[in-house]
Structure formats: structure tokens, C-alpha cells
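Here are a few notes to read with the model open beside you. I've kept them in numbered points so you can take them one at a time.

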Amino acid sequence: MARPTYAQIDLDAVIRNIHAIKDHIGQRQICAAVKADAYGHGAVAVAHAMSAAGADMFAVAMTEEAVQLREAGIQKPIILLTVVPEDDIETILEFDICACIAEEAFAAKLSEIAQRRGTTARAHVNIDTGMGRVGLEHASADYEMLKISRLRALEIEGVFTHLACSEDNDVSSEQLDIFQEILLRLESSGMKLPAAHVSNSTATLQMPEAYLQCVRPGLILYGLHPPGVRCSDIDLVPALSLHTSISFCKRVTAGTKLGYGHTFTTSRESIIATLPLGYHDGYVRQFSNNGEVLVKGRRVPVVGRVCMDQTLVDVTDVPGVQVGDDVVVYGRQGEACISLEEMAQRLDRIPYELTCAVGARVRRRYVLNGKLVGETPVGSLIPPDVLCNIFSGSQIHVPTHENISKRGAA
Ligand SMILES: Cc1ncc(COP(=O)(O)O)c(C=O)c1O
């Protein structure tokens with residue numbers, strides 16, 4: 001039982017991208033942004049590949065994401081990029097996660113709990129130089145940071161800021177100036193400066209003055225370019241391709257209305273193929289009458305509305321199409337290619353959204369050294385112990401991935 005819709009994650013591409021970035025930035029560290037399940041690619045496998053390729057640390061947005069990486073054997077530093085509830089502090093300490101300090105009160109609590117546990121908390125301080133999201137306010141950041149640095153059980157290992165308009169060099173330069181000014185003030189107050197990091201993907205590609213000790217990219221690790229940004233010096237390879245195959249195919253007469261809302265009417269006798277791919281899989285509804293996919297190495301248009309689980313394409317111009325034929329949604333098929341960046345631009349969306357949208361029921365197939373090395377199960381099943389708690393006492397059949405696939409194979 002295997003729905004033919006899957007995302008192929010090319011770990012060789014991830015490794016190549018890390019090497020390419022390392023060549024591009026010289027002797028600086030890479031803090032790899034693997035939040036949001038590595039932008040939809042699957043954080044555990046991707047972080048292991050990146051770690052082997054030389055990524056120095058990892059950045060996530062939630063304590064649970066950091067714990068997932070630790071439990072999966074990632075030993076390098078993991079930093080939280082944003083604030084988390086104080087309730088997370090025990091977990092942060094237990095799993096040796098670098099907290100994000102954006103206000104003194106949290107730092108004080110972190111230090112207090114660390115001291116009680118007889119340990120030292122690790123942290124990176126986030127300074128808001130113009131993003132307006134979280135962070136110490138830049139005007140008083142040096143004063144605040146000096147106070148925080150005196151907390152007994154807290155080690156400040158890093159200091160960072162986030163660029164708000166990385167496509168606008170002037171705004172980024174202003175933010176960088178503010179940040180460096182703060183670092184200078186801290187240094188002249190006698191503080192030993194921790195590793196400083198600013199550069200997201202755009203700055204890593206085109207703003208060498210912002211590299212400092214460490215860069216902190218996300219998107220380019222996955223081989224994708226931020227909108228409007230190109231850099232000829234660095235060769236990135238997309239890591240994610242999205243695949244499916246034709247599940248149904250029919251010939252229809254001219255004038256046939258297709259799909260929800262009848263938003264498409266055939267203008268000729270047509271062959272219409274159905275794909276087991278819908279908006280729950282991340283093929284967003286804006287692709288309705290607007291997307292294209294590859295069939296037998298040719299682009300074919302999406303016709304009608306994208307549904308939750310299925311999408312129609314017009315394959316009239318491709319000879320010999322049959323049920324079971326491979327379909328590439330993003331990626332290469334023969335000489336043809338549909339890039340995720342192209343499709344994001346077409347929808348006036350960003351590549352980040354399209355990779356993150358790839359749904360939980362789309363299997364991720366991992367390729368390493370050119371070979372398929374692993375595959376995730378479909379969907380996120382409720383853990384058996386949670387189910388037993390909810391329905392304690394009643395007769396329940398616990399759905400595990402194993403017995404579901406066994407049943408499918410039977
Ligand atoms: C604080 C922070 N740093 C780094 C990144 C990585 O950005 P990018 O994927 O554009 O390189 C992000 C992404 O949203 C972020 O929020």
C-alpha cells in the first residue's frame with residue numbers, strides 16, 4: 001500500500017550545498033536553519049547530512065524541534081532562534097539546548113533554574129536591529145547584555161540579529177551598522193564577545209561584510225534561492241523534488257466541465273489525467289488552472305480546481321499517457337525541469353512556503369550516495385500511549401505504522 005505521491009530529498013544535494021557555502025564564506029562557521037522540519041525536508045535526516053558535511057550548529061524555532069534533533073543523535077550545538085515559554089527551561093537544560101535571550105527576565109529565570117540544577121545554561125542573545133519581532137531593543141542592548149552576562153549560571157555563547165529586508169542592501173547595511181556598533185560598545189566595556197551571526201541566505205550569498213564569525217542560512221542549504229537573489233559564484237542544487245503518478249485517465253468531449261466550481265471547460269476533445277495530489281499534500285489551491293507538471297518529459301497544465309487529495313491535468317498533447325505514468329511536480333524529468341522557485345514566483349509566493357507546505361502524508365524518500373536509503377511513513381499517527389490514555393478501558397485497536405503497512409501488504 002503506497003500512494004505514489006512522495007517528496008524525494010536528495011541528501012547528496014544538501015551535502016554539496018554545505019560544501020559550496022563553506023567554500024564561499026571561508027573560515028566562518030555555519031549555523032544551519034533546520035526549523036520547521038528543515039523547511040519541510042525532514043529535520044532529522046537533513047541535520048545528520050549537514051553535520052557530516054561540516055555544519056557547525058543548528059537553529060530551530062521550538063524547543064520540541066531541538067529535542068527531536070537531540071533524541072535523533074545530533075550532538076552539535078542547537079540554538080533556539082526565538083523566545084519560548086518559561087515552562088520550557090527545564091527541557092532546554094536537560095537537552096543542552098542554547099536558549100534565545102530576548103529579554104532580561106527570561107535570562108534571569110534561565111540562570112536561576114540552571115543554578116538550582118547545578119549546571120550552566122547556554123544562550124545566544126537576540127538583538128532587534130530593525131526586524132521588530134523579538135530581541136533586546138538595540139538602543140539599550142549593550143547595557144542589557146552586560147547585565148545578563150553577570151548572571152551566575154548563564155553562558156552567553158552567541159549574539160545575533162535578523163535582517164528584515166535582506167533584498168534591500170541599504171536596509172541590511174543599516175542593521176549591520178547598528179549591530180556592529182553594539183558589539184564595539186560591548187567590547188569597550190570589557191566584555192569578551194561571543195560568536196556573532198547575522199547572515200541569512202541572502203546575506204550569505206551577497207553580503208560578505210555580514211559574515212562575522214558565523215553565517216545562519218536556511219533556504220540555500222536546500223538548494224533554493226531567495227526571491228530575486230542570484231549569485232553566480234555559488235552552485236546550489238535543489239534537495240527536494242515532488243513526484244506522483246497518474247491514477248486515472250479519461251477521454252472527454254469538447255465542452256466538458258471539470259472539477260469543483262466547473263472552473264474549466266474543455267475546448268476540444270481532451271485526455272484528462274487525475275493525480276493523487278492535492279492541497280493537503282502542499283499542492284496549494286492557487287495552482288488551480290495555473291500549475292504545470294511534467295509527464296513524459298513535457299509540461300502539461302493543471303485544469304480545474306486543485307482539490308484536497310486530487311488534481312486534474314490535461315495530457316491531450318502528450319502521446320501514449322497511461323495510468324501509472326510518473327509525474328514530476330517540482331524537479332527534473334528528462335531534459336525538462338519545473339523549479340520550485342519558478343512555481344513560487346508564478347503564485348506570487350515564496351519558495352519557503354511551498355517546501356513547508358508539503359504535507360505530512362507525503363512520504364519523504366531520502367537519497368544518499370545516489371541510492372534510496374530511507375523513507376518516512378505516511379501521516380502522523382497518534383502515539384499508542386496517548387490513544388490508550390484517551391480511551392482507557394475501552395477495546396481499542398492501536399494503529400501503528402507497522403500494522404497498517406502489514407495490512408496493506410496482505
Ligand atoms: C532568525 C532567523 N535566522 C535565519 C533564518 C534563515 O533565513 P533564510 O532561510 O532566508 O536563510 C531565519 C528564517 O526565517 C530566521 O528566522
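1. Which residue follows H3, and what is the sign of its phi? Glycine 54 comes after the helix, and its phi is positive, near 115°. Keep in mind that this is a predicted model.

2. Now for H3 itself, residues 43-53. Its buried residues are Ala43, Val46, Ala47, Ala49, Met50, Ser51 and Ala53. The cover over them includes three strands, E1 (6-10), E2 (29-33) and E3 (57-60), along with helices H1 (11-25), H2 (35-39) and H4 (63-71).

3. Have a look at aspartate 325, in the loop that runs between strands E18 (311-314) and E19 (326-333). Aspartate 325 counts as buried because its relative accessibility is 16%, and the cut-off is under 20%. Its side chain reaches the backbone nitrogen of glutamine 322 at 2.8 Å. Leaving out residues up to four places away in sequence, aspartate 325 touches Thr244, Ser245, Ile246, Lys296 and Gly320.

4. On to the largest pocket, with about 730 Å³ of space. Of its 33 lining residues, Lys35, Arg133, His162, Asn200 and Tyr352 lie nearest the centre. Two or more lining residues come from each of H2, strand E6 (121-128), helix H9 (201-206) and helix H11 (351-357). By class, the lining has 19 nonpolar, nine polar and five charged residues.

5. The second largest pocket holds about 410 Å³. Its lining has 22 residues, with Pro238, Leu240, Gly331, Arg332 and Cys337 nearest the centre. E19, the strand that follows the aspartate 325 loop, supplies at least two of the lining residues, and so does E1. The lining splits into eleven nonpolar, seven polar and four charged residues.

Definitions and conventions
Residues numbered from 1 in each chain as written. Predicted model: local features only at pLDDT ≥ 70, side-chain atom pairs only at ≥ 80, totals over all residues. Heavy atoms only, no water. Helix = DSSP H or I, 4+ residues; strand = E, 2+ residues; numbered from the N terminus. Buried < 20%, exposed > 50% of the residue type's maximum accessible area, 1.4 Å probe, protein only. Polar contact = N/O pair within 3.5 Å; in protein donor to acceptor, adjacent residues only side chain to side chain. Contact = heavy atoms within 4.5 Å. 1 Å grid on protein atoms, 1.4 Å probe; cavity = no way out; pocket = protein on both sides within 12 Å on 5 of 7 lines; lining within 4 Å. Points joined across faces, edges and corners; volume = space filled by probe spheres on them. Nonpolar A, V, L, I, M, F, W, Y, C, P; charged D, E, K, R; others polar.
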